[in-house]
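Subject: Structure handover

Hello,

Here is the structure I said I would pass on. Please open it next to this email while you read.

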Amino acid sequence: MNLIQKINEFIARFKSPETMVAMIVSIVVFAVLYYYMMKFLADNKSGPMIALFVFVMVIGGALLTFVENFNCAIYLIIPALFLIAIMVLYSVELKRIIWQRKMPKISDLRNGDMVQDEERVQACIGEIIRSLQNMSKNDVGAIIVLSNGNIPKQILDSGVRLDSDISSELIESVFFPKTPLHDGAMIINGTKIVAAGCFLPLSQNENIPKDLGTRHRAGLGVTETIDVISIIVSEETGIISVARAGQITRYADSEVLKKTLGRYYWQELDSARN
């Protein structure tokens with residue numbers, strides 16, 4: 001069967017209204033599916049996967065067009081196989097997307113005077129940096145997670161809810177050695193300390209340096225699955241590290257901390273203005 005006959009058969013299917021509706025729905029569904037698959041792969045810099053998918057689809061289309069009695073189910077099987085491959089290869093990235101909820105991020109800053117909000121933000125940044133530097137000097141281990149209201153309930157429930165204003169004294173007292181909450185993570189959302197003593201998922205990355213212990217694996221692990229920032233203070237060395245999107249930066253000084261906290265807070269103030 002040649003290409004012209006194939007096209008004529010395809011056009012003939014649209015003579016029935018029911019067939020036309022089913023065909024249009026199928027085209028729309030697959031177009032949306034392919035779009036989001038390609039977008040996900042592009043966002044994760046997976047050019048080879050995109051090229052392989054396009055190549056296979058082109059070959060499948062050629063076979064479907066020029067080979068008689070070729071099984072049309074190939075256009076169902078190929079996307080299904082690629083979806084399975086994406087779920088296996090990009091499980092961490094998919095978890096991050098699933099757990100990232102579109103919630104108000106710093107809701108307590110949205111209704112007040114913007115000048116006062118900026119003063120509160122500057123005060124919060126100063127208090128957090130002061131506590132981190134004090135703990136670093138005294139070799140006190142700590143994990144602080146800067147969240148966007150997107151921490152899963154099971155993580156929050158693993159600790160103690162505080163809903164307290166941010167202060168260096170409170171942060172340092174929570175992480176003081178041998179206190180009940182010092183081994184867990186502190187969750188900050190905006191200008192509030194939401195919870196403390198929370199248990200975080202450990203990173204399964206095998207390339208993490210051997211000198212980084214459980215605290216760093218926890219701080220790194222939560223950023224692999226959720227769009228948050230973790231700040232870790234080493235109990236052994238006092239070194240401050242910043243983790244985001246599964247990547248960790250060590251030896252964070254005051255300037256790095258100011259930039260990290262500034263990006264976290266000022267983006268929310270800008271969105272609040274809009």
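Below is what was found, starting with the aromatic rings and ending with the strands.

Please keep in mind that this is a predicted model.

Aromatic pairs

A pair of aromatic rings is described by the distance of the centres and the angle of the planes. There are two such pairs in the structure. One joins Tyr35 and Tyr36, whose ring centres are 5.1 Å apart and whose planes meet at 75°, an edge-to-face arrangement. Tyr36 counts as exposed because its relative accessibility is 53%, and the cut-off for exposed is over 50%.

The other pair is Tyr264 with Tyr265, also edge-to-face, with 4.8 Å from centre to centre and 70° between the planes. Are these two residues buried or exposed? Tyr264 has 5% relative accessibility, so Tyr264 counts as buried. Tyr265 is buried too, with a relative accessible area of 0%.

The nonpolar cores

In soluble globular proteins, nonpolar side chains tend to be buried together. Here the largest nonpolar core has 29 residues, and Tyr265 is one of the members that touch the most others, along with Leu132, Ile171, Phe175 and Ile188. Several elements give two or more residues to this core, among them helix 8 (168–174), strand 3 (185–189) and helix 10 (254–273). Which element gives the largest share? That is helix 6, with seven residues.

Ile171 is worth selecting in the viewer. Setting aside neighbours within four places in sequence, Ile171 is in contact with Ile128, Ser131, Met135, Ile144, Ile166, Met186 and Ile193. There is also a second, separate core of 20 residues, including Ile151, Ala185, Cys198 and Ile226.

Strands 5, 6 and 7

Strand 6 (240–244) is among the elements that give two or more residues to the largest core. Four of the five residues in strand 6 are buried, which leaves the strand mostly covered.

How many bridges link strand 6 to strand 5? There are five, and the two strands pair in the antiparallel sense. In this pairing, Ile229 stands opposite Arg244 of strand 6. The hairpin of strand 5 and strand 6 has six residues between the strands, and Gly238 takes a positive phi near 80° there.

Strand 6 also runs antiparallel to strand 7 (residues 247–249), with three bridges joining them. Arg244 appears again here, opposite Gln247 in strand 7. The hairpin of strand 6 and strand 7 has two residues between the strands, and Ala245 in the turn has a positive phi of about 50°.

Regards

Methods
Residues numbered from 1 in each chain as written. Heavy atoms only, no water. Phe/Tyr/Trp six-rings, centres within 6.5 Å; stacked < 30°, edge-to-face > 60°. Buried < 20%, exposed > 50% of the residue type's maximum accessible area, 1.4 Å probe, protein only. Core = buried A, V, L, I, M, F, W, Y, C linked by side-chain atoms within 4.5 Å. Contact = heavy atoms within 4.5 Å. Pairing = 2+ DSSP bridges.
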